[in-house]
Amino acid sequence: MITGQLKSKIDKLWEEFWTGGITNPLTVVEQITFLMYARLLDMNEQKDEKLAARTNKTFTHRFNEKQQHLRWQNFRHLGADKLYKLVKDELFPFFSESSAKDNEGSLFAEFMKDAQLMIQKQSLLVKAVEMVNDLPLENSDTKGDLYEYLLSKLTTAGINGQFRTPRHIIRAMVEMLDPGIHSRICDPSTGTGGFLVSAYEYVLQKYTSPDSVEREPLYELDGKPLLDLCGKQQQNLLYSGDLITPEQRSHIDTDMFHGFDFDATMLRVAAMNLVMHGIKQPDIHYQDTLSQNFKERFPKEAKNGFDIILANPPFKGSLDEEDVCPDLLRKVKTKKTELLFVALIENMLKIGGQSATIVPDGVLFGSSNAHQQLRQLLVEKNQLEAVISLPSGVFKPYAGVSTAILIFTKGGSTDHVWFYDLQADGFSLDDKRAPIKNNDLPDLVASYRKRDKTKATTAANDRTQKAFWVSKADIVGNKYDLSINRYKEVVYAQQHYDDPKVILSKLVALENDILADLKALEDML
């Protein structure tokens, strides 16, 4: 849990960048990420050096003999002029050219090719290095929360309609899909990696007994190698989540989490976010997933590749129709990215795989052929499980667009769809998004898990309530319209008013009482 003192450090670091002339929030996060990356490289190098000294085993060094001056511990004390020159002329080129074989090096290599130092003032770089050095990056319980707090300061939407999804909304989506230890999970529009991080935290919590706490592997105890002090069964408990075996942990670190995005800056941020939370080597790639190139580069992922897909795709943006994968255009002929992404997700899921995807309300009721074609695909060729209406303010201050969550299982056919009208998410629906008491999210998750389709045709299916069922026949009859207002019944209470003569007599009586009081006051004077 991040403390107030640590938040103050991040706030101060943020202020230094702004006063130093860097006011784009994403640029600030990116530059801080570069510095964190430099420090983490050196921290992991030190860790491996200590382990190698104890075990007499070799490892692949991140820095050769001529690059030792590029290690964090060796340059952070330099004066402003030398520090700036080293970071700009040597450290950032090292990021671009590095081919280190450690987990972080291999993960970041793809995203560091275009790394640039945007800090122009030497004094700002000195302060930034000092402050990043003071952050507790060695604390596994804190560093993930620390980075999330840093990301919470991203308060602007990108030009392609991407913006940070509220973490409590993400958590509810993850809990409804309930990923397991063997799941392959993907976000085709990764952004800052929030969906993947939340899914990771959920899996750890799910497979950790109540008596234990999350912990990373320990290397020594009382100065002695820990592996010499315990048996194999005990060694298994050294992994985060004490019900997770080493084999399962390997799957979590290398093959459970997959992400794609066409914004290199976002990918750098996402990769750092995942690593800071404890995923050693997530599968993150620079890729436009709507393009034909995606199918060519990642054939196993583009078709029937995943058990779970969680996403909040861009709602708008530029699109080269000629580059769009023909498979998607055959499903839905359109230039609208919000429609194409849903078709893409349906392609990427395994048969029986599930998706929870945030879409703008227009996807639910749009009257174009493409809108109807997509909704027909979800209802006729898949099992559309749920349509969850979100209040229009959940994405403020980024945007005020009305949205919904679509949950569907690939394959089969739909007979009934579960609708839920989420009216409050625990925060005010204005730009301030201040915490409030009303919160429907716990009820949403609980109601989704215990929903009973057998009640869909009984009197228990009350369409005046927040949650209710709608038959496929009703949906087809409404041109596959999925907007909740089309089906929810609103009960209007009839108002009863007194006869006008009765109202008039009451007014006269009231007027007489007033006159009597005034007369009494006059007599007193």
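Start by selecting His168, Ile169, Ala172, Glu175 and Met176 in α8, then add Leu441, Leu444, Val445, Tyr448 and Arg449 in α19; these are the residues through which the two helices meet. By class, this contact of α8 with α19 has seven nonpolar, one polar and two charged residues. Keep in mind as you look around that you are viewing a predicted model.

Now show both helices in full: α8 covers residues 167-177 and α19 covers residues 441-449, and their axes come within 9 Å, crossing at roughly 15 degrees. Angles under 35 degrees count as roughly parallel, and α8 and α19 are therefore roughly parallel to each other. Turn the view a little to see the handedness: the crossing of α8 and α19 is right-handed.

**Zoom out for a moment**

With the whole protein chain on screen, you have 21 helices and 13 strands to explore. Colour by burial, and 51% of the 525 residues will light up as buried. Then consider contacts between residues at least 6 apart in sequence: 75% of them join residues at least 24 apart.

**A second helix pair**

Next, select helix α1 (residues 4-19) together with helix α6 (residues 122-133). They pack at an angle of about 165 degrees, with their axes 10 Å apart. Angles over 145 degrees count as roughly antiparallel, and so α1 and α6 are roughly antiparallel to each other. In this pair, α1 passes α6 in a left-handed crossing.

Which residues make the contact? On α1, pick Lys12, Leu13, Glu16 and Phe17; on α6, pick Leu124, Lys127, Ala128, Met131 and Val132. Sorted by class, the contact of α1 with α6 has six nonpolar, no polar and three charged residues.

**Into helix α2**

Move on to Glu30, which you will find in helix α2 (residues 25-55). Is Glu30 buried or exposed? Its relative accessibility is 10%, and Glu30 therefore counts as buried. Show its surroundings, leaving out residues up to four places away in sequence, and you will see Glu30 touching Thr265 and Arg268.

**Helix α11 and its cover**

Your next stop is helix α11 (residues 246-254), home of Gln248. The buried residues of α11 are Gln248, Arg249, His251, Ile252 and Asp253. To see what lies over them, switch on α9 (194-206) and β4 (257-261), which are included in the cover.

Stay with Gln248 for a closer look. The cut-off for buried is under 20%, and Gln248, at 19% relative accessibility, therefore counts as buried. Draw a distance from the backbone nitrogen of Thr245 to the side chain of Gln248: a polar atom of that side chain lies 3.0 Å away. Beyond its neighbours within four places in sequence, Gln248 is in contact with Ile181, His182 and Leu243.

**Last stop: Phe306**

Finish by selecting Phe306 in strand β6 (residues 306-311). At 0% relative accessibility, Phe306 counts as buried. What does Phe306 touch, not counting residues up to four places away in sequence? Select Arg184, Ile185, Cys186, His258, Glu301, Met348, Leu349, Lys350 and Gly353 to see these contacts. For one more distance, link the C-alpha atoms of Phe306 and Met348: the two residues are 42 residues apart along the chain, and the separation is 6.3 Å.

Key. Residues numbered from 1 in each chain as written. Predicted model: local features only at pLDDT ≥ 70, side-chain atom pairs only at ≥ 80, totals over all residues. Heavy atoms only, no water. Axes fitted to C-alpha atoms, helices over the stretch in contact; angles between N-to-C directions. Helix = DSSP H or I, 4+ residues; strand = E, 2+ residues; numbered from the N terminus. Parallel < 35°, antiparallel > 145°, perpendicular 65-115°, else oblique. Left-handed = near helix turned anticlockwise from the far one by under 90°. Contact = heavy atoms within 4.5 Å. Nonpolar A, V, L, I, M, F, W, Y, C, P; charged D, E, K, R; others polar. Buried < 20%, exposed > 50% of the residue type's maximum accessible area, 1.4 Å probe, protein only. Polar contact = N/O pair within 3.5 Å; in protein donor to acceptor, adjacent residues only side chain to side chain.
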